[in-house]
Amino acid sequence: MTAETITADASGTFHLGDLPVRRLGFGAMRLTGSAAFHHGTPSDRERSLAVLRRAVELGVNHIDTAAFYFSSLRSANELINSALSPYPDDLVVVTKVGPYRDYQGGWGTAARPDQLRGHVEENLRQLGRDRLDVVNFRRQGQDSIAEHFGALAELRAAGLIRHLGVSGVEPRHLAEALEIAPVVCVQNRYAVDRPDPVDDEVLRQCGERGIAFVPFYAVAGRAGERGTTTAHDEEVLSVADAHGVSPAQVRIAWTLHQGPHVLAIPGTGNPDHLEENVAAGALRLTKEELTRLDESRTRAV
């Protein structure tokens with residue numbers, strides 16, 4: 001590491017419960033292939049392992065994963081276990097449960113509350129851990145998450161989980177969860193080119209309650225699970241040009257500028273992109289640039 005290397009420390013720190021993490025983290029979804037899940041081609045295993053190790057070298061201590069992050073040849077959890085175990089003391093691995101994929105990669109029905117223990121135990125097995133740092137319940141259209149979140153709260157009380165979070169929720173679901181157990185983070189889809197007043201309200205409420213708001217697909221944008229978008233707004237391109245950085249770095253920086261409680265978890269299987277993503281944690285946008293980006297976001301369709 002050279003003196004010029006920018007590390008995740010530049011992004012600042014926030015706490016997931018009692019666990020301090022750098023605000024610039026790493027999403028493991030793209031470790032398994034050129035696109036998420038069964039899309040794209042499987043990744044080179046050694047390169048994915050190298051990306052994980054380099055992320056930790058660069059100060060990343062928050063990794064987001066799931067047992068259903070796998071391609072035909074690669075499993076994100078297996079890669080994390082192989083690359084980083086025994087885990088550094090300050091490393092926080094966040095996983096999520098609820099969705100299910102069969103061995104062929106097909107999506108099954110959403111888990112019932114009584115099936116979540118199996119999901120948790122599978123993550124424990126794959127990651128080689130006795131307790132999971134943080135587990136998010138990913139809502140899949142359920143009108144109420146009380147039973148599912150309650151089942152995870154029981155597993156937390158049993159010592160299998162340290163902290164709980166929720167994902168894909170509206171304000172009413174967050175309120176529902178908070179009646180059952182503490183919530184340390186909310187993972188919702190959120191991006192500079194994706195206006196959504198419901199998620200704006202969730203972000204605001206998280207800030208009031210000291211809960212981390214962790215956007216996913218912030219860099220991928222409209223492309224979602226199929227990879228990083230190339231359809232950048234003109235304002236994103238303009239700001240990127242002014243700073244001499246990539247549009248993806250502007251998208252990450254905008255995400256972090258949404259509040260001190262907002263974390264970023266950009267993912268990649270490319271070592272060069274990893275360095276760029278981490279460096280984005282040091283990118284400071286001006287008030288005028290943020291205003292332009294925000295105004296552009298409100299106009300997005």
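Strands β1 and β2 form a hairpin with 2 residues between them, and Gly-17, which lies in the turn, has a positive phi of about 65°. The model is predicted, and in it 7 further strands, from β3 to β9, make up an open sheet whose pairing is parallel. The points below take up the hairpin, the sheet, a pair of packed helices and the nonpolar cores.

**The hairpin**

- Strand β1 (residues 13-16) runs antiparallel to β2, and 4 bridges join the two.
- Within this pairing, His-15 of the hairpin stands opposite Pro-20 in β2.
- Along strand β2 (residues 19-22) the side chains alternate, with Leu-19 and Val-21 pointing to one face, where they are buried, while Pro-20 and Arg-22 point to the other and are not buried.
- Such a pattern is in keeping with a general rule, that in a regular strand the side chains alternate between the two faces of the sheet.

**The open sheet**

- The strands of the open sheet follow the order β3-β4-β5-β6-β7-β8-β9, and its edges are formed by β3 (26-27) and β9 (212-213), each of which pairs on one side only.
- Strand β6 (residues 132-138) and strand β7 (residues 161-167) run parallel and are joined by 6 bridges, and Val-135 stands opposite Leu-164 in β7.

**Two packed helices**

- Helix α3 (residues 116-127) packs against helix α4 (residues 146-157) at an angle of about 50°, and their axes are 10 Å apart.
- Because angles that are neither under 35 nor over 145 degrees, and that fall outside 65 to 115, count as oblique, α3 is oblique to α4.
- The crossing of α3 and α4 is right-handed, and the contact is made by Leu-116, Arg-117 and Val-120 of α3 together with His-148, Ala-151, Leu-152 and Leu-155 of α4.

**The nonpolar cores**

- The largest nonpolar core has 80 residues, of which Phe-26, Leu-52, Val-120, Leu-152, Val-166 and Val-186 touch the most other members.
- Helix α8 (residues 247-256) provides the largest share of this core, namely 6 residues.
- Another core, of 13 residues, lies apart from the largest one and includes Phe-14, Val-94, Val-134 and Ala-212.
- Leaving aside residues up to four places away in sequence, Val-166 touches Asn-136, Phe-137, Ile-145, Phe-149, Leu-174, Ala-177, Val-183, Cys-185, Val-186 and Gln-187.
- As a general tendency, nonpolar side chains in soluble globular proteins tend to be buried together.

Note on methods. Residues numbered from 1 in each chain as written. Predicted model: local features only at pLDDT ≥ 70, side-chain atom pairs only at ≥ 80, totals over all residues. Heavy atoms only, no water. Pairing = 2+ DSSP bridges. Core = buried A, V, L, I, M, F, W, Y, C linked by side-chain atoms within 4.5 Å. Buried < 20%, exposed > 50% of the residue type's maximum accessible area, 1.4 Å probe, protein only. Contact = heavy atoms within 4.5 Å. Axes fitted to C-alpha atoms, helices over the stretch in contact; angles between N-to-C directions. Left-handed = near helix turned anticlockwise from the far one by under 90°.
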